[in-house]
Amino acid sequence: MLSLQIEGEAERFSIYLLKEETTERLGVDFFELQDSYGAAHFGEELEEYIGNGLIESLEKSEAVLMEPDNIQSIVLDRGDGLREEFQSADLTLFYLPLDHCTGILSVAEMGDLVYFHRERGSLYADYRIDTGHSRNGCDSIGCGFYDCLEYSGSIECIGREYYDFVCERIDMSRILCDEARFDVVKMDFYASLIESSIYRIGNDGEGGKSFAKIEGGDRKFTLGI
């Protein structure tokens, strides 16, 4: 059994799919989005529901992400006191399809709302794996990585901030020992900054989806930790 600990500055990125009937169940009214004041109030209500755990029943995609340069510590414990430290440059990056992180967008329909919720903070992640071979296994540590250059078309329709949320980041749930996947034992995430925005899904006129940002729906605040 090998264990791996990774610490650093990370982000938790969530995409909530909001349909009119589900937001009505939460007491949030789509009609509030007719002006920037209503959109701001709508955003405040959604944040309150997230904080109280009431919105967790909604459909969503979520990922804990980290830029390689923001990794502060990588320690592989091989057992019997054998501990090895790695640097971010030692990691082997393998590219992930963007839908691993944003799959909920594929089922969104015209008129739905998409709520982007991003938390920045510090992360301590603990992993385990039974290598099934020698204790000195795990010659390399691989990390799933979102390289969004090939997805530029779909990203541009949502906006640059979407690119900034996801791309060039490691998905902290997809860490490999050689070619075998580590099991996530624990992810302790402590948020210090929260950002959110709301989009409405429409038709781009070519049979695809467009993402129109709701003006006034952006929120950004820091937490006292």
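In this predicted model, a network of salt bridges links Glu11, Glu67, Arg118, Arg120, Arg169 and Glu195. The count for the structure comes to 14 salt bridges. Side chains of opposite charge can pair when their charged atoms come close. One such pair is formed by arginine 12 and glutamate 119, whose side chains meet at 2.8 Å, N to O. Because arginine 12 belongs to strand S1 and glutamate 119 to strand S6, this salt bridge ties together parts that are 107 residues apart in sequence. Arginine 12 is partly exposed, its relative accessible area being 24%, whereas glutamate 119 counts as buried at 11% relative accessibility.

A further salt bridge joins glutamate 109 to lysine 19, with 3.4 Å between the closest N and O atoms. Here the linked parts of the chain are again distant: glutamate 109 sits in the loop between helix H3 (99-102) and S6, lysine 19 sits in the loop between S1 and helix H1 (20-25), and 90 residues separate them. Lysine 19 is buried, with a relative accessible area of 15%. The side chains of aspartate 126 and arginine 128 also form a salt bridge, at 2.5 Å from N to O. Aspartate 126 has a relative accessible area of 7% and is therefore buried, the limit being under 20%. Arginine 128, at 29% relative accessibility, counts as partly exposed.

Arginine 78, in strand S3, takes part in polar contacts. Its side chain is joined to that of glutamate 84 by a polar contact of 2.6 Å. A polar atom of the arginine 78 side chain also lies 3.4 Å from the backbone oxygen of cysteine 138. Arginine 78 is buried, at a relative accessible area of 12%.

Five aromatic pairs were found in a search of the whole structure. Phenylalanine 13 and phenylalanine 116 have ring centres 5.8 Å apart and planes at 55 degrees, so this pair is tilted. Phenylalanine 13 lies in strand S1 and phenylalanine 116 in strand S6, 103 residues apart, and the pair thus links distant parts of the chain. Both phenylalanine 13 and phenylalanine 116 are buried. Phenylalanine 116 also forms a tilted pair with tyrosine 199, with 5.2 Å centre to centre and 50 degrees between the planes. Tyrosine 199 is in strand S10, 83 residues from phenylalanine 116. The relative accessibility is 0% for phenylalanine 116 and 2% for tyrosine 199, and each counts as buried. Phe13, Phe116 and Tyr199 make up one aromatic cluster.

The largest nonpolar core has 26 residues, among which Leu4 and Phe182 touch the most other members. Two or more residues of this core come from each of strand S1 (2-18), strand S2 (60-66), strand S3 (71-79), strand S6 (113-129), strand S7 (141-146), strand S8 (169-177) and strand S10 (183-203). Beyond its neighbours within four places in sequence, phenylalanine 182 is in contact with Leu2, Leu4, Leu76, Tyr127, Arg128, Ile129, Cys138, Ile175, Leu176 and Cys177. A second, separate core of 21 residues includes Leu65, Tyr146, Cys148 and Cys167.

Tyrosine 37 lies in helix H2 (residues 36-51). This residue is exposed, with a relative accessible area of 70%. The C-alpha atoms of tyrosine 37 and glycine 216 are separated by 6.5 Å, while the two residues are 179 residues apart along the chain.

Note on methods:
Residues are numbered from 1 along each chain as its sequence is written. This is a predicted model: local features need pLDDT of at least 70, side-chain atom pairs count only at pLDDT 80 or more; totals for chains, interfaces and linings use all residues. Side-chain values use heavy atoms; hydrogens and water are left out. A nonpolar core is a set of buried Ala, Val, Leu, Ile, Met, Phe, Trp, Tyr and Cys residues joined through side-chain atoms within 4.5 Å. Buried means under 20% relative accessible area, exposed over 50%, partly exposed in between (1.4 Å probe, protein chains only). Helices (H or I, at least four residues) and strands (E, at least two) are DSSP runs, numbered from the N terminus. Contact means heavy atoms within 4.5 Å. A polar contact is a pair of N or O atoms within 3.5 Å; within protein, one must be able to donate a hydrogen and the other to accept it, and residues adjacent in sequence count only if both atoms are side-chain atoms. Rings of Phe, Tyr and Trp (its six-membered ring) pair if their centres lie within 6.5 Å; planes under 30 degrees apart count as stacked, over 60 as edge-to-face and the rest as tilted. A salt bridge is a side-chain nitrogen of Lys or Arg within 4 Å of a carboxyl oxygen of Asp or Glu.
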